[in-house]
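Please open the model in your viewer and keep the sequence panel beside it. The tour below proposes one selection after another and says what is found at each stop.

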Amino acid sequence: MLDFLNDLLWGKVLIGMLVVLGLTFTIGSRFVQFRYFGRMFKILSPSSFKSDQHGHLSSLQALLLSVAGRVGGGNIAGVAVAITLGGPGAIFWMWVVGLMGMATSYFECTLAQTFKTAESDGTYRGGPAHYIARGLGSRWNWLAGLYSILLLVTFGLGFTALQSYSVATSFEDAFGIPTYYTGIALALIVGLIIFGGVKRIARVSEVLVPVMAGGYLGVALIVLGLNIERIPDVFILIVKSAFGLEPAIGGGIGAAILMGVKRGLFSNEAGLGSAPNAAAIAYVPHPANQGIVQSFSVFIDTLVLCSCTAFIILLSGIYDPATIANQGGVALTQMALADHVGEWGRMFVSVALLLFGFSTILYNYYLGENSIHFFTKDNANVFNGFRVLIICLCCWGAIMDLGTVFAFADVTMGLLALANLFALALLFKTGLRIMKDYDQQLAQGHADPVFDPTSFSDLDLDTTAWELEPEHERLKKQRKASVKASASS
C-alpha cells in the first residue's frame with residue numbers, strides 16, 4: 001500500500017503539480033527568483049545580522065534556521081540515491097526543480113510573513129497553517145489542521161528518527177562507534193538545546209550552519225580543483241543523461257526525472273511548506289524581504305550543496321553505472337570522496353552528515369512545536385512532553401531498521417506537499433499583491449520598502465505583528481506622504 005501511494009503521489013500527481021505551479025509562479029511573478037537574485041545579498045546586509053529592539057529574530061537568523069532544515073541527509077545520501085537509481089541525469093532535473101522551487105519558496109515564505117501572528121513571549125508564529133486559516137478563511141480551518149498534523153507526523157516525528165538513523169549508521173561505518181552510543185549522545189545534546197526554545201535553536205544554527213555548509217563547500221572546491229579539466233565532461237554527461245542520450249540506467253529518462261524531482265523536493269523542501277514556518281519568525285520591514293531571502297536558501301541547498309555531492313561522485317574513479325547500484329547512498333558518497341582525498345574523506349562525510357543531521361533534527365523539532373502550537377498555545381506540559389518524545393526518537397531511531405518509516409514518511413511528505421501546493425494556488429493572487437506593493441515602492445525610489453497592513457485591510461492580518469521600529473515607522477510615513485503627493489499631482 002505504501003509503495004502504491006508513493007508511486008501515485010510522486011510518480012504522477014506531485015510531479016505535475018510542482019512543474020505546473022513552479023512555472024506559474026515563475027512566469028506570473030516575472031521570474032522573481034532571477035529579478036531579485038542580486039537583492040538577496042543587499043537584504044542580507046550587516047543590519048540583518050541583529051535582532052530588532054524587541055528581541056525578534058533577524059532575517060539572517062531565520063534564513064540560517066531554514067537552511068539548517070533544508071541542508072541535511074538529502075544533500076549527501078539523497079543525491080547519491082538519485083544518481084544510483086536515476087543516473088547522472090537526475091541531477092539536471094534536481095537543478096530544474098531547484099530553480100522553479102526558488103519562486104515557489106518566495107511565495108510561500110512571503111505569505112507566511114504576511115499572515116504571521118505576534119506572541120506574548122516576543123516571538124512570531126506563522127506558516128502554511130496560518131496562511132491557510134487566515135488567508136482562505138474559516139471554512140478552510142480543517143485543511144490548516146490537517147496540514148499541522150501532517151507536518152508534525154512527517155518532520156516532527158518521522159524525519160527526526162530518520163536523521164538519527166542516518167547519522168548513527170554513518171558513524172558506525174566510519175569510526176566503528178555502536179549506533180546506540182551515537183543515539184544517546186545526540187539525544188543529550190538535542191535535549192539541552194530544544195528546552196531553550198526557538199531562540200536558542202536559532203543561535204545554535206547561526207554558528208553551525210555556516211561552519212557545516214562552508215566546510216562541505218570547501219572540500220568540494222578542492223575536488224573540483226583536482227579535476228578541473230574533467231568538469232565540462234561531467235556537465236555534458238548530466239545533460240545528456242537527463243534527456244536519455246546516454247545508456248539507460250535504472251528506468252532511463254523516466255527514472256532520471258522521477259528521482260530528480262523527488263530527491264530535489266526532499267532536499268530543498270520548496271513547496272512542502274516547512275520553510276515558511278521558519279520564515280515567519282523573522283522581523284522584516286516587508287514580507288517580500290523574507291520571501292526573497294528564503295528563495296536564496298533553495299539556491300544554496302540545491303544548486304550549490306547538492307551539486308557538490310554530485311560532482312564529488314561523478315568525478316571519482318569509483319563511479320561506474322554498472323556497479324554503483326550495489327552501494328548505499330552515504331556509502332557511495334564516502335567512497336567517492338575517499339577516492340579523491342584519501343581515507344580521511346570517508347570520515348569527513350560522516351562528520352558532515354552528523355552536522356547536517358543534527359541541525360535538521362533541531363529544525364524538525366521546531367516544525368513539530370509549531371504544529372502543536374496551532375492547536376494549543378499555552379500548555380507547557382504538552383510542549384515538554386513533545387521535547388521528551390524528540391529525545392526518545394533520537395535514541396530509538398539510531399538503533400532501529402527504519403525501512404517502513406522511510407516509506408511512510410515519503411507518503412506523508414507527499415500529502416503535505418499536496419495540501420500546501422493547493423493552498424498556494426488559491427493564494428497566488430494575494431501573493432502577487434504583496435509582491436506588486438514591494439515592486440511599486442522600489443519603482444518609486446524607496447530603497448527599503450515597508451509593509452503597511454492598513455493598505456490590506458481586506459486581509460485577516462495581525463497588525464500587532466507589524467509594529468515597526470522607529471526607523472521603519474519613519475520610512476512608512478515618508479512613503480505615505482509620497483503616495484499622497486503623487487495622488488494630489
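Which residues form a nonpolar patch on the surface? Select Phe-175, Ile-177, Tyr-180, Tyr-181, Ile-184, Leu-188, Ile-189, Met-347, Val-351, Trp-396, Ile-399 and Met-400, which form this patch and have about 1,100 Å² of accessible area together. The elements that give two or more residues to the patch are α9 (179-194), α16 (344-375) and α17 (380-399), and α9 gives the most, with 5 residues. A patch is made here of residues with over 30% relative accessible area and no salt bridge, with like charges joined within 9 Å and nonpolar side chains (Val, Leu, Ile, Met, Phe, Trp, Tyr) within 5 Å. Accessible areas come from the Shrake-Rupley method with a 1.4 Å probe, and for residues only the protein chains shown count as cover.

Before you go further, note that this is a predicted model, in which local features need pLDDT of at least 70 and side-chain atom pairs count only at pLDDT 80 or more, while totals for chains, interfaces and linings use all residues. Residues are numbered from 1 along each chain as its sequence is written, and side-chain values use heavy atoms, with hydrogens and water left out.

**The whole chain**

Now show the whole protein as a cartoon, where 20 helices and 2 strands can be found; helices (H or I, at least four residues) and strands (E, at least two) are DSSP runs, numbered from the N terminus. Of the 489 residues of the protein, 59% count as buried, where buried means under 20% relative accessible area, exposed over 50%, and partly exposed in between (1.4 Å probe, protein chains only). If you switch to a surface view, the accessible surface comes to about 18,500 Å², and 65% of this belongs to carbon and sulfur atoms. Among contacts (heavy atoms within 4.5 Å) between residues at least 6 apart in sequence, 82% join residues at least 24 apart.

**Single residues, outside and inside**

Return to the patch and pick Tyr-181, which lies in helix α9 and is partly exposed, with a relative accessible area of 49%. Next select Ser-148 in helix α8 (residues 141-175), a residue that is buried, with a relative accessible area of 3%. Leaving aside its neighbours within four places in sequence, Ser-148 is in contact with Ala-129, Ser-371, Phe-374 and Phe-375.

From there, move to Thr-114, which is found in helix α6 and counts as buried at 0% relative accessibility. Apart from its neighbours within four places in sequence, Thr-114 is in contact with Pro-287, Ile-434, Phe-451, Leu-461 and Trp-466. If you add Pro-453 to the selection, the C-alpha atoms of Thr-114 and Pro-453 are separated by 8.7 Å, although these residues are 339 residues apart along the chain.

**Two helices that pack**

How do helix α6 (residues 89-114) and helix α11 (residues 231-242) pack? They pack at an angle of about 85 degrees, with their axes 6 Å apart, and α6 and α11 are therefore roughly perpendicular to each other. To see the contact, show Gly-89, Ile-91, Phe-92, Trp-93 and Trp-95 of α6 together with Phe-235, Ile-238, Val-239, Ser-241 and Ala-242 of α11. Axes are lines fitted to C-alpha atoms, for helices over the stretch in contact, and angles run from 0 to 180 degrees between N-to-C directions; those under 35 degrees count as roughly parallel, over 145 as roughly antiparallel, 65 to 115 as roughly perpendicular and the rest as oblique.

**Charged pairs**

Side chains of opposite charge can pair when their charged atoms come close. With a salt bridge taken as a side-chain nitrogen of Lys or Arg within 4 Å of a carboxyl oxygen of Asp or Glu, the count comes to 7 salt bridges.

Select Arg-30 and Asp-439, whose side chains meet in a salt bridge (3.1 Å, N to O). Arg-30 lies in the loop between α1 (2-28) and α2 (32-35) and Asp-439 in helix α19 (residues 428-443), so the pair ties together parts that are 409 residues apart in sequence. Arg-30 counts as partly exposed at 48% relative accessibility, whereas Asp-439 counts as buried at 12%.

Add Arg-35, whose side chain also meets that of Asp-439 in a salt bridge (3.5 Å, N to O). This pair links helix α2 with helix α19, 404 residues apart, and Arg-35 counts as partly exposed at 30% relative accessibility.

For the last selection, take Glu-369 and Arg-387, which form a salt bridge with the closest N and O atoms 3.5 Å apart. Glu-369 is in helix α16 and Arg-387 in helix α17, 18 residues apart; Glu-369 counts as buried at 4% relative accessibility, and Arg-387 counts as buried at 13%. Looking back at the earlier pairs, salt bridges that share partners join Arg-30, Arg-35 and Asp-439 into one network.
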